[in-house]
Amino acid sequence: MRPVMAVATALARFDLRRYLIGGLLWLPVSVLPLGSGLILQQLFDHLTTGQVPLLLCAAFAGMELVRGLMIVIAWTYGDYWWSAAAALLRANVLRSILTGRGRVPHSSGEALARLRDDVSDVVEFVDESVPLAGATLFSTAALAIMASIDPVITLVLLMPTIAVGVLSRLMNRLIRRLHRRARVLGAAVTGYLGEIFGGVLAIKTAGAEEAALERLRRHNRLRREATVKDRLATDLLSTATGATVEISIGLVLLLAAPAMRRGDFTVGDLALFTTYVGWLTALPRAIGVILSRMPQAGVSTERLAQMMGPGEDLSRDSGVWFRREHPAVVRPPHGDPLEVLQARGLTVGYGLHGVDLEIRRGSLTVITGAVGSGKTTLVRALLGLEPPAAGTIYWNGRRVTDPGSFLVPGRVAYAGQVPRLFSASLRENLLLGWPSDQLERAVELAAFDRDLARMPEGLDTVVGPRGVRLSGGQAQRVSAARALVRSPDLLVVDDLSSALDVETEQRLWERITGVCTLLVVSHRPAVLARADQIIVLDRGRVVGRGPLDELLETCPEMRRLWSLNPLDEPGPEPGYPAGAAGRF
């Protein structure tokens, strides 16, 4: 994980041209008050003589008009850099998650909260440095002008500024701790809301509406208290910084009165000092804001880095954040079609130990085993969706250093254990941005053509949130069709036919067997009987390997599993999700 200053530097440099232009646009906003103060000095000195200098009045009005216009231009231009920097951070986090190296924390709601709030904190911290150069330039010139008029008053005015810097340093740790707690509790509320919306049916059938609402109130109460404390600490520091203006003006009046009686300090000088005092606080204010945001940005950097894989750089500019397509969804070249996929010593710390695997082109390989034996973990580790602790993967004899970005659609397609569908049309769910030239063929291969023919709107049928308008078997076959539309060399499916009736299951396997190389996680007799190779897992280790007949003779675990679900046992009834039948 990189320190927050390293991340801030990288964000400033990734689009350096736009960052520097934004800083240059803010320079006039900070420097023009120098001219305004000098004009006011001359204006008030002339007024004491009874003159009304209209030219000076026009010059002052023009100066302020130009400054206001520059604020609008700088603000508008700076928004482009802000949005690009935020997109860079979000793209890096999402890339890490989608390639299997990163992790979604606890819930998708919390992940969204981090991508929204924590990214904003980091970018705003970097953004606060943009006006710093202008504030420094103004302060240096203003102090030089003021010191040439009265060095004693100028020196006294610096004392409140120094006090604010010391206070900011002392409050740094407190703000960091309060901000961390506020962010954690805010993410808990967002995550719990997502769980409530996703589990409405479970809450309703359990009669737990009041209990769910009470828990939400408790989460909100804790978040409110933490947010108030966080905001209070930050506002106290900002208030202390702003109070230096009033304190400094009071000091100017106290110290300037004797000099004005002696004639050493004119009304114009007083106007210049009081004008500059307000702008002089821009530097300590900017420094104070940066110091108050630094611990917040540090917390946010840590929380974003927790979603990424080990050793990955949160602020790395890979050059793809602005593309319409992520590299993982671009069809890879077909110059190296699959001949053999091998895994050697594949190990995942909590559930897989030294697994060897070899899959030949055109074969059907089935991974089977009891619940919790590591079947899904093996598949996910092979595809780079689960970071392995040890082991090597080879594609046609060449080592695959990054499976998450190499074994992607075009080479490999994956239909997971639980179908993930969006509240969109079937067409959109099947393609997800992929070309539609193989769509009809994929629907037919997945044995979904008859179901589709009975739908009045066909491929334009909206499936509802998470595919609720489809049965369990239909959702599984839509997931399979989505994988097949990518025409992969290797199709990996996890428990694909668990919710299918016997007839549909047979039709599905008849159609896809031989179309491409298959790696299947299943315990279904119809699949095991077709397999060229069966790999039996028990507690994360391979305990049997070979065709079904051979394993039934030599592998006790395979015999035990087969006895629980023999070939002649009927599957679930058509139209119903899988029940006890067909399960270990």
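The legends below describe views of one chain in a predicted model.

**View 1. The whole chain, with 20 helices and ten strands in its secondary structure.** The radius of gyration is 33 Å, well over the 25 Å that the globule rule gives for 584 residues, so the chain is more spread out than a compact globule. Along the principal axes, the C-alpha atoms fill a box of roughly 115 × 55 × 50 Å. Of the contacts with a separation of 6 or more, 76% come from residues 24 or more positions apart.

**View 2. The surface and the charged side chains of the chain.** About 28,300 Å² of the chain is exposed, and carbon and sulfur atoms supply 60% of that area. Of the 584 residues, 48% count as buried. The side chains include 64 positive and 57 negative ones, and the centres of these two sets lie 4 Å apart.

**View 3. Surroundings of Q41 in helix 2.** Helix 2 spans residues 16-47 and contains Q41. The relative accessible area of Q41 is 12%, below the 20% cut-off, so Q41 is classed as buried. Leaving aside residues up to four places away in sequence, Q41 touches I149, G268, D269 and L272.

**View 4. An open sheet of four strands.** The strands follow the order 2-1-4-5, with antiparallel pairing. Strand 2 (352-360) and strand 5 (398-399) stand at the edges. Each of these edge strands has a single partner strand, so one side of each is left without a neighbour in the sheet.

**View 5. Strand 1 and strand 4 within the open sheet.** Which residues make up these strands, and how many bridges join them? Strand 1 covers residues 340-348 and strand 4 covers residues 390-395; five bridges join the two in the antiparallel sense. In this pairing, R344 stands opposite T392 of strand 4.

**View 6. The hairpin formed by strand 9 and strand 10.** Strand 9 (residues 533-538) pairs with strand 10 (residues 541-546) in the antiparallel sense, over five bridges. I535 has R545 in strand 10 as its bridge partner. Two residues lie between the strands, and R539 in the turn has a positive phi of about 50°.

Terms used:
Residues are numbered from 1 along each chain as its sequence is written. This is a predicted model: local features need pLDDT of at least 70, side-chain atom pairs count only at pLDDT 80 or more; totals for chains, interfaces and linings use all residues. Side-chain values use heavy atoms; hydrogens and water are left out. Two strands pair if DSSP finds at least two bridges between them. The radius of gyration is taken over C-alpha atoms; the globule rule is 2.2 Å times the number of residues to the power 0.38. Buried means under 20% relative accessible area, exposed over 50%, partly exposed in between (1.4 Å probe, protein chains only). Contact means heavy atoms within 4.5 Å. Accessible areas come from the Shrake-Rupley method with a 1.4 Å probe; for residues, only the protein chains shown count as cover. Lys and Arg count as positive and Asp and Glu as negative; His and the chain ends are not counted. The place of a charge is taken as NZ of Lys, CZ of Arg, CG of Asp or CD of Glu.
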